[in-house]
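Let's take a walk through this model together, beginning with its interior and working outwards. Have a look at the structure first, and then we can go through it piece by piece.

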Amino acid sequence: MNAYNFAYLDEQTKRMIRRALLKGMAIPGYQVPFASREMPMPYGWGTGGVQVSAAVMTPEDCFKVIDQGADDTTNAVSIRRFFQATAGVAVTEKTAEATVIQTRHRIPERDLVEGQILVYQVPIPEPLRFLEPSEVETRKMHALEEYGLMHVKLYEDIARHGDISTSYAYPVKVEGRYVMDPSPIPKFDNPKLSMAAIQLFGAGREQRIYALPPYTEVVSLDFEDYPFQAGRADHDCDLCGADNSYLDEVITDDAGGRMFVCSDTDFCSERREAGHVGALGVEAVA
Amino acid sequence: MYVAVKGGERAIDNAHDWLAEERRGPEDVAELGVAQIKTQLSLAVNRVMAEGSLFDPDLAALAIKQSRGDLIEAIFLIRAYRTTLPRFGYSAPVETGAMACDRRISATFKDVPGGQVLGPTFDYTHRLLDFALEAEGLDRAAEVEPEVHPVMPRVSQFLNKEGLIQDEPRPEVDETPGDLTREPLELPAARPLRLQALTRGDEGFVLSMAYSTQRGYAKNHPFVGELRIGTVPVEMEIPELGFAIEIGEVVLTECETVNQFTGSKTEPAQFTRGYGLVFGQTERKAISMALVDRALRWKELGEDDKGAPAQDEEFVLYHADNIQATGFLEHIKLPHYVDFQSELELVRKLRREADMRQQMREAAE
């Protein structure tokens, strides 16, 4: 792949993206417009995340890609291969070893540390989009800090269902200012959004970048009498026995049989290697 | 026993191999040549160049071959290639008035200087399948008289002389228009950006938007003032030389519509225009573009906002690009089971709570 620059994008484009990233870091939760490029994978398949990863990547980095928490889902494989081919960086499935982690729909279970960068793929960066389709209007609402509509929506949920009926892409408020879409992570992951690592969000098709610097205050929207609750399946992982991880429900037969397993495959395999065994698991072979 | 599914890598490799086999098809049928696509499927090549925003018939033909004839996929290949190309500079504006026209018609005048030239058009063909084309080897090109390219002044100029049609507005300062492919789209967009978005927009989308204006959603009856298709030279100023030289030529389709007049107390009635300019012989697209351009000019021309989709700049510009649209549409094929799981948990919880409320009601009765 010598025909292309390191990590595919040319240096001018990277510079443009880095400027947007710096602006995003300076105004946490604010959506910065950037001149997203057409990438050799489709819009909606992680082009924003890929451009952000390409802009922050150095030859010394160790790169990890997860989709739904797993390293071996097809699109995660495809993106990892893309950077292996265009940047030649080391790749890993271990959360602890990675310096740059690109993710879709999950935050790793293991606490990230200073020096790590978590890059999110974002389909629709605008948390108000489902309430107001016009971008001109929503930008105005952010500028005026006019978030009443969002609270009305959450209130109507409670009035209708007795609960806030948003289970993923649950809106948050950043440092008491911008309402932000944390990308479609399950709300189980929301409490992890205040963390030691840098979090960068890239929306390629919508041409927006936003960011959370380390230790930023991120609060999930709620009401005093209906406080935010992070939900997960009421089970333990059937492979590693973890009772605190986000679980996938896997259908095992056509008679209602199912099992629950950690969505974070690295977390689960580390636990099994350490000797933990779930209800349907087998002892790790030493 | 369930074993966590591994094998994404192998599955991808196998899928790619299978795809390559399907693309080639049975080997007892001759392979399709890129030159054949370029010359015999040239209207497909034109569409790929127009929506791929890259005038290169060879690459467009290659993309069509690689994409098995899926034109949106071919456009995607061209776009992804195009973004990697360095920008040496910008050409001088092309002079479409000096176009060497293969086709030039006006619907507003019976005859015009330079004449009406039908050119290679489907317009008056009867759409009957020509089974003779099935018999390969008998397909001979018809003999055509050698092309002559008389001077063809623009039709709108004739109206303009009498002041009957509005001049194209010129900016006060001659500034370089924005570049949709280098800067993020921000609204409201200036007309040059709108035209850029329309010329690379999906043909089907732009066509339907234009059609909606004809049927009454922001109705603005257009006449095709002029449609011209032909070759124009592209010139670029070379800094070392200090003057412009010709670096190549491109085929363009240009459409100017003449639309119903407007006028006010201060300005007498005047016709207005819509403008379409597209790579290659792509007249359906160019006409559609002109209609949508005209509909989007409502504010500038002091017309009412009728709430029609074709008047809504944000709606049109954000949804015209088929590469953005198809990517986002098709991404729902990717796994979403983490989000789906959280929805499952929520629905189960809501049903449990509803159940409990029901039981309490029954117990109370």
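Which residues have the most contacts inside the largest nonpolar core? They are Val48(B), Ala60(B), Ala63(B), Ile78(B) and Val292(B), in a core of 54 residues. Please keep in mind throughout that this is a predicted model. The largest share of that core, 8 residues, is supplied by helix α9 of chain B, which covers residues 283-296. Residues of the core come from both domain 1 (10-82) and domain 2 (96-171 + 178-320) of chain B, so the core lies between these two domains.

Ile78(B) is a good place to zoom in. Setting aside residues up to four places away in sequence, Ile78(B) touches Val48(B), Gly52(B), Leu54(B), Leu59(B), Ala60(B) and Ala63(B). Apart from this core there is another one, made of 51 residues, including Ile66(A), Ala76(A), Val77(A) and Leu212(A).

Back in chain B, helix α9(B) deserves a closer look. Of its 14 residues, 13 are buried, so the helix is largely enclosed by the rest of the structure. Its geometry can be checked too: at 1.5 Å a residue, α9(B) should span 20 Å, and its end C-alpha atoms are indeed 20 Å apart.

Helix α3 of chain B, residues 42-52, is mostly covered as well, with 8 of its 11 residues buried. Those buried residues are Val45(B), Asn46(B), Arg47(B), Val48(B), Met49(B), Ala50(B), Glu51(B) and Gly52(B). Two of these names, Val48(B) and Gly52(B), also appear among the residues that Ile78(B) touches. Just past the end of α3(B), Ser53(B) takes a positive phi of about 55 degrees.

Stepping back, the domain assignment of chain B also lists a domain 3 (340-364). The centres of domain 2 and domain 3 of chain B, taken over C-alpha atoms, are 59 Å apart. For a contrast with the buried helices, try Phe131(B), which sits in the loop between β1 (100-105) and α6 (155-161) of chain B. Is Phe131(B) buried or exposed? Phe131(B) has 7 other C-beta atoms within 10 Å, and 12 or fewer is the cut-off for exposed, so Phe131(B) counts as exposed. From Phe131(B) to Lys306(B) is 175 residues in sequence and 48 Å in space, C-alpha to C-alpha.

Now for chain A, which has 6 helices and 12 strands. Its radius of gyration is 20 Å, close to the 19 Å that the globule rule gives for 286 residues, so chain A is as compact as a globular protein of that length. Along the principal axes, its C-alpha atoms fill a box of roughly 60 × 55 × 35 Å. Buried residues make up 49% of the chain. Among its contacts between residues at least 6 apart in sequence, 61% join residues at least 24 apart.

Chain A is assigned domain 1 (11-127 + 169-220) and domain 2 (232-278). Their centres, again over C-alpha atoms, are separated by 26 Å. Where these domains meet, 14 residues of domain 1 are in contact with 8 residues of domain 2. The domain 1 side of that contact divides into 4 nonpolar, 3 polar and 7 charged residues.

Inside chain A, helix α2 (residues 47-56) has 9 of its 10 residues buried, so it is largely enclosed by the rest of the structure. The buried residues of α2(A) pack against α1 (11-26), α3, β4 (100-104), β5 (117-121), β8 (198-203) and β9 (208-212) of chain A. One of those buried residues is Gln51(A), which leads us to Arg37(A).

Arg37(A) lies in the loop between β1 (32-33) and α2 of chain A, and with 24 C-beta neighbours inside 10 Å it counts as buried. Leaving aside neighbours within four places in sequence, Arg37(A) is in contact with Leu9(A), Thr13(A), Gln51(A) and Thr83(B). Arg37(A) and Gln207(A) are 170 residues apart along the chain, yet their C-alpha atoms are separated by 8.7 Å.

The partner Thr83(B) brings us to the contact between the chains. That contact takes 50 residues from chain A and 39 residues from chain B. On the chain A side, α3 (74-86), α4 (135-143), β11 (247-251) and β12 (258-262) each supply at least two residues. The largest share, 4 residues, comes from α3(A). By type, the chain A side divides into 20 nonpolar, 19 polar and 11 charged residues.

Key
Residues are numbered from 1 along each chain as its sequence is written. Chains are lettered from A and ligands numbered from 1 in the order in which they are written. This is a predicted model: local features need pLDDT of at least 70, side-chain atom pairs count only at pLDDT 80 or more; totals for chains, interfaces and linings use all residues. The radius of gyration is taken over C-alpha atoms; the globule rule is 2.2 Å times the number of residues to the power 0.38. A residue is buried if 20 or more other C-beta atoms lie within 10 Å of its own, exposed if 12 or fewer, and partly exposed in between; C-beta atoms are placed from the backbone. Two residues are in contact if their C-beta atoms, placed from the backbone, lie within 7 Å. Domain bounds come from an automatic or database domain assignment. Ala, Val, Leu, Ile, Met, Phe, Trp, Tyr, Cys and Pro count as nonpolar, Asp, Glu, Lys and Arg as charged, and the others, Gly among them, as polar. A nonpolar core is a set of buried Ala, Val, Leu, Ile, Met, Phe, Trp, Tyr and Cys residues joined through C-beta atoms within 7 Å. The expected span of a helix is 1.5 Å times one less than its number of residues.
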